[in-house]
Amino acid sequence: MSWLTQYVRPKIQGFLKKEVPDNLWKNCSSCGQMLLIKDLEKNLNICPHCGHHMRASVTQRFEWTFDADSYTRVDLPKVAADPLQFKDKKKYTDRLKDNKTKSQLDESIAVAHGTIEGQKAVVAVMAFEFMAGTMGTAFGEGFLAAARLALLQKTPLIVFTSSGGARMQEGMLSLMQMPRTVIAVEMLKEAQIPYIVVFTDPTTGGVTASFAMLGDIHIAEPNALIGFAGPRVIENTVHEKLPEGFQRAEYLLEHGMVDIVANRKELRSTLGKILGLLSNKTQSSEKVA
Ligand SMILES: [Zn+2]
């Protein structure tokens, strides 16, 4: 064994040591394949082996959705941080600080306006990378600001959802964002401004139970989890085995809660087509009026 341990093994170890740094590779969270991050990003974070749509950052969403160099990010209103002076294992203010540093974002929502295939739109993106996209007071303010901007510009509002639901650190104030966001959607409906929701994985809790389910058109990314409570909670409550694919985009498409399931690569063109149709309709109804 000596030749093997003294000669071959050090060589193998030497080869293994030359491996590239961890931050260049990522494992697909569905099929486990190792993927080069650079290639994955070029493929819009879709696994080339199994087609799984991995999570995306706010910047990626804006880049993939808007026409090249066409969008401007919007500053969102600031709110009083930590109104309940909440503390669990960590102070809420420290948690916010850590998330700001980690995500380079101010909160779990970002808003921009620009064009999609030449059509003007306001886009709000929920940031899962910021405290799991949870909905607190700052989120509510951000959503209202996006709706107001859409009203002001008379352009459709598109919201990309991805959220763990309400933000427990803000207690009741977090739940209050549910009616607030619903009122914002109502404002758009009254003004006949189109409101489109794009569900991405995962969209759950109070987000699903409020503004996310009120879109004029619901688009979902393939296999996105969309639901209120998790499947295990429901099974334990109803004491029944849930059907295959329950709470997934395709299941909800079959049952009428989602209108379109679109591959991420077709999302910009799908949105562009819808915006084009809606703006033509608005123009023709204006002519009739
Ligand atoms: Zn995969």
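The structure holds zero disulfides. A disulfide is a covalent bond between the sulfur atoms of two cysteines. In this predicted model, four cysteines are instead found as donors of a zinc ion, namely C28, C31, C47 and C50.

**The zinc site**

Each of the four residues offers its SG atom, and these atoms lie 2.3 Å from the zinc ion. Along the chain, the donors follow the spacing C-x2-C-x15-C-x2-C. The arrangement around the zinc ion is tetrahedral because the four donor atoms subtend angles of 108 to 112°, and a tetrahedral site requires all angles to lie between 85 and 135 degrees.

The UniProt record, an unreviewed entry, carries the annotation "binding site" for C28, C31, C47 and C50. These residues span 23 residues in sequence, yet no two of their C-alpha atoms are more than 8.7 Å apart, so they gather at one spot.

Two of the donors can be placed among the secondary structure elements. C28 belongs to the loop between strand 1 (25-27) and strand 2 (34-36), whereas C47 sits in the loop between helix 2 (37-42) and helix 3 (58-65). Leaving aside neighbours within four places in sequence, C28 is in contact with Q33, L35, C47, C50, H52 and M54. With residues up to four places away in sequence likewise not counted, C47 touches C28, C31, L35, L40, H52 and M54.

The accessibility of three donors is listed below.

| Residue | Relative accessibility | Class |
|---|---|---|
| C28 | 3% | buried |
| C31 | 38% | partly exposed |
| C47 | 1% | buried |

The classes follow from the cut-offs: buried means under 20% relative accessible area, so C28 at 3% counts as buried. C31, at 38%, counts as partly exposed because this value lies between the 20% and 50% limits.

**The chain as a whole**

The protein chain contains ten helices and nine strands. Of its 289 residues, 42% are buried. Among contacts between residues at least 6 apart in sequence, 66% join residues at least 24 apart.

**The nonpolar cores**

The largest nonpolar core has 32 residues, and those with the most contacts inside it are F143, L157, Y195, F211 and I226. Several elements give two or more residues to this core: strand 4 (109-116), strand 5 (119-126), helix 5 (137-153), strand 6 (157-163), helix 7 (177-190), strand 7 (195-203) and helix 9 (249-254). Helix 5 supplies the largest share, seven residues.

L157 illustrates the contacts made by one of these core residues. Apart from neighbours within four places in sequence, L157 is in contact with V122, A124, A146, A147, A150, L188, I193, P194, Y195 and I196. A second, separate core has 26 residues, including I116, A121, L267 and L275.

Notes
Residues numbered from 1 in each chain as written. Predicted model: local features only at pLDDT ≥ 70, side-chain atom pairs only at ≥ 80, totals over all residues. Heavy atoms only, no water. Donors = N, O, S within 2.8 Å, 3.2 Å for Na, K, Ca; no water. Tetrahedral: all angles 85-135°; square planar, octahedral: opposite > 155°, others 65-115°. Buried < 20%, exposed > 50% of the residue type's maximum accessible area, 1.4 Å probe, protein only. Core = buried A, V, L, I, M, F, W, Y, C linked by side-chain atoms within 4.5 Å. Helix = DSSP H or I, 4+ residues; strand = E, 2+ residues; numbered from the N terminus. Contact = heavy atoms within 4.5 Å. UniProt positions renumbered as here; feature names shortened; annotations may be inferred. Disulfide = S-S within 2.5 Å.
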